[in-house]
Number of protein chains: 2
Amino acid sequence: MSLFQERGYDRTTVEEIAARAGLTERTFFRYFSDKREVLFSGSKGLEALMVSTIADAPKAMAPIDVVAAALEATSPGFEERRAHACKRQPLIMAHAELRERELIKLASLASAMAESLRGRGVEKTVAHLVAEAGIAIFKSAFERWIEDTKKHELAHHVRVALAELRLITAGASAASSTPPPTKAPRRSRLGPR
Amino acid sequence: MSLFQERGYDRTTVEEIAARAGLTERTFFRYFSDKREVLFSGSKGLEALMVSTIADAPKAMAPIDVVAAALEATSPGFEERRAHACKRQPLIMAHAELRERELIKLASLASAMAESLRGRGVEKTVAHLVAEAGIAIFKSAFERWIEDTKKHELAHHVRVALAELRLITAGASAASSTPPPTKAPRRSRLGPR
DNA sequence: ACCTCCGATGTCAGAAGCTGACATGACTCC
DNA sequence: GGAGTCATGTCAGCTTCTGACATCGGAGGT
């Protein structure tokens with residue numbers, strides 16, 4: 001991370017990273033399959049946490065709420081590493097190859113969540129759709145968390161994003177003119193001006 | 001594509017691709033920034049079509065329906081190239097680097113759609129969330145379209161996936177016990193067994 | 001104390017992806 | 001006919017990543 005911040009991601013060679021760690025380039029590649037992977041080692045733990053949170057959720061809970069709970073469960077972990085996340089994020093956003101890696105990690109997360117949902121008896125296509133919706137919520141929430149000067153927890157932003165998604169999809173064919181949800185996000189204007 | 005099917009993606013070098021086209025490796029890289037990019041040249045046109053469909057949608061239409069309409073608008077184009085898509089898809093699924101590229105193309109699509117929605121006056125966070133939801137719908141629909149032995153159009157699967165998403169998010173806090181949507185997908189079991 | 005095995009690391013050579021600099025050749029426009 | 005432009009070729013070189021083999025040091029058995 002320090003090297004990346006000194007010289008930028010693409011002006012840092014794997015050899016330099018390895019040297020800074022007192023190792024050889026070859027050894028680096030034994031620990032990380034990729035140069036990119038060095039920035040994503042935490043994703044396995046995240047996935048495990050979310051999968052087990054889903055598996056352990058109350059039986060009666062609706063799938064979308066189960067996924068939201070799993071997202072909220074990651075909140076403390078992110079809170080601990082807010083400083084690190086704030087350094088990491090601009091780096092990733094600035095480099096397409098890193099964004100690609102991030103996206104495939106999220107896709108893998110979605111698959112794992114879908115699988116865990118299926119273990120609860122959720123039908124396959126539904127499970128995948130719910131998981132993808134969860135990722136959409138996560139992206140939205142995470143972005144706001146990073147930029148949040150008021151330092152609300154990630155979990156808060158997850159709740160806001162879920163409420164927003166519910167408003168968005170609460171269209172004509174599913175439910176008509178129902179009262180707005182409790183704790184709706186402040187900005188709730190959905191249509192054209 | 002023929003080379004990839006003969007020898008597999010990673011056993012095909014850029015030099016070979018260029019030679020098959022009667023060109024040089026260097027020239028290949030002048031047309032495609034990447035080896036991967038050669039499989040994704042169509043994505044720009046797709047993006048343009050969806051953006052303009054969104055921009056031209058009726059003013060009163062809800063954002064989620066606008067996005068769904070944009071997805072449906074791509075249906076004829078995919079229908080024309082079903083054969084090509086069926087060769088391309090397993091190739092992409094089998095190679096992580098290609099999946100990554102596909103995901104970033106979808107993310108770019110989402111950004112473009114969000115931007116186009118903002119042009120209609122949709123609030124920023126909502127626009128992004130709707131666009132991401134649209135991508136989730138697209139992924140679900142596309143997967144089913146590829147595997148669909150009955151050869152329904154992509155547009156049909158888009159409608160099914162949207163209906164499914166509406167059922168999924170129609171939870172306690174947004175709408176309670178509303179009648180099911182018309183044309184609901186056959187499998188509508190959402191909760192645990 | 002000694003040996004053996006194993007895991008972590010180093011060394012080396014090399015393939016493939018990708019880039020910058022410059023050359024060539026054809027075609028257009030004056 | 002000359003100048004400029006555009007597509008392509010040529011070449012050298014860097015970086016990422018891999019396979020094969022060597023080395024070293026520690027753990028455990030005798």
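Which oxygen of DNA strand D does a polar side-chain atom of Thr24(B) lie 2.6 Å from? The points below answer this and then turn from the DNA to the protein interior. The structure is a predicted model.

1. **Side-chain contacts with DNA strand D.** The polar side-chain atom of Thr24(B) lies 2.6 Å from a phosphate oxygen of the strand. Tyr31(B) also places a polar side-chain atom by a phosphate oxygen of DNA strand D, at 2.4 Å. For Arg26(A), the partner is a base oxygen of DNA strand D, and the separation is 2.8 Å.

2. **The surroundings of DNA strand D.** There are 16 residues around the strand, and those that come nearest are Arg26(A), Thr24(B), Thr27(B), Arg30(B) and Tyr31(B). Of the atoms of DNA strand D that come within 4 Å of the protein, 47% belong to sugar and phosphate. The residues of this surface comprise six charged, six polar and four nonpolar.

3. **Helices that supply this surface.** Helix H3 (25-31) of chain A and helix H3 (25-31) of chain B each contribute at least two residues to the surface near DNA strand D. H3(B) provides the largest share, namely four residues.

4. **A buried salt bridge in chain A.** Over all chains, the whole structure holds 28 salt bridges. One of them joins Glu37(A) to Arg101(A), with the closest N and O atoms 2.6 Å apart. The pair connects distant parts of the chain: Glu37(A) belongs to the loop between H3 and helix H4 (43-56), whereas Arg101(A) belongs to helix H8 (residues 96-118), 64 residues apart. Both Glu37(A) and Arg101(A) are buried.

5. **A network that includes both chains.** Glu37(A) and Arg101(A) also take part in a network of salt bridges. The other members are Asp34(A), Arg36(A), Glu97(A), Lys105(A) and, from chain B, Glu100(B).

6. **Salt bridges in chain B.** Arg88(B) and Glu102(B) form a salt bridge whose closest N and O atoms are 3.1 Å apart. Arg88(B) lies in helix H7 (residues 82-93) and Glu102(B) in helix H8 (residues 96-119), so the bridge ties together parts that are 14 residues apart in sequence. Arg88(B) counts as buried because its relative accessibility is 16%, and Glu102(B) is buried at 15%. A further salt bridge brings together the side chains of Arg82(B) and Glu79(B), at 3.0 Å from N to O. Here Arg82(B) is buried, with a relative accessible area of 11%, whereas Glu79(B) is partly exposed at 27%.

7. **Aromatic pairs.** The search of the whole structure gives 16 aromatic pairs over all chains. Phe142(A) and Trp145(A) make a tilted pair, with ring centres 5.6 Å apart and 35 degrees between the planes. Because these residues are three apart in helix H9 (residues 124-147) of chain A, about one helical turn separates them. Both are buried. In chain B, the rings of Phe138(B) and Phe142(B) have planes at 20 degrees and centres 5.6 Å apart, so this pair is stacked. Phe138(B) and Phe142(B) lie four residues apart in helix H9 of chain B, and both are buried. Chain A also has a cluster linked by ring pairs, made up of Phe78(A), Phe138(A), Phe142(A) and Trp145(A).

8. **Helix H10 of chain B.** This helix (residues 154-169) has 16 residues and spans 23 Å from its first C-alpha to its last, close to the expected 22 Å. Since 13 of the 16 residues are buried, H10(B) is largely enclosed by the rest of the structure.

Key
Residues are numbered from 1 along each chain as its sequence is written. Chains are lettered from A and ligands numbered from 1 in the order in which they are written. This is a predicted model: local features need pLDDT of at least 70, side-chain atom pairs count only at pLDDT 80 or more; totals for chains, interfaces and linings use all residues. Side-chain values use heavy atoms; hydrogens and water are left out. A residue is near a molecule or strand if one of its heavy atoms lies within 4 Å of it. A polar contact is a pair of N or O atoms within 3.5 Å; within protein, one must be able to donate a hydrogen and the other to accept it, and residues adjacent in sequence count only if both atoms are side-chain atoms. Ala, Val, Leu, Ile, Met, Phe, Trp, Tyr, Cys and Pro count as nonpolar, Asp, Glu, Lys and Arg as charged, and the others, Gly among them, as polar. The expected span of a helix is 1.5 Å times one less than its number of residues. Buried means under 20% relative accessible area, exposed over 50%, partly exposed in between (1.4 Å probe, protein chains only). A salt bridge is a side-chain nitrogen of Lys or Arg within 4 Å of a carboxyl oxygen of Asp or Glu. Rings of Phe, Tyr and Trp (its six-membered ring) pair if their centres lie within 6.5 Å; planes under 30 degrees apart count as stacked, over 60 as edge-to-face and the rest as tilted.
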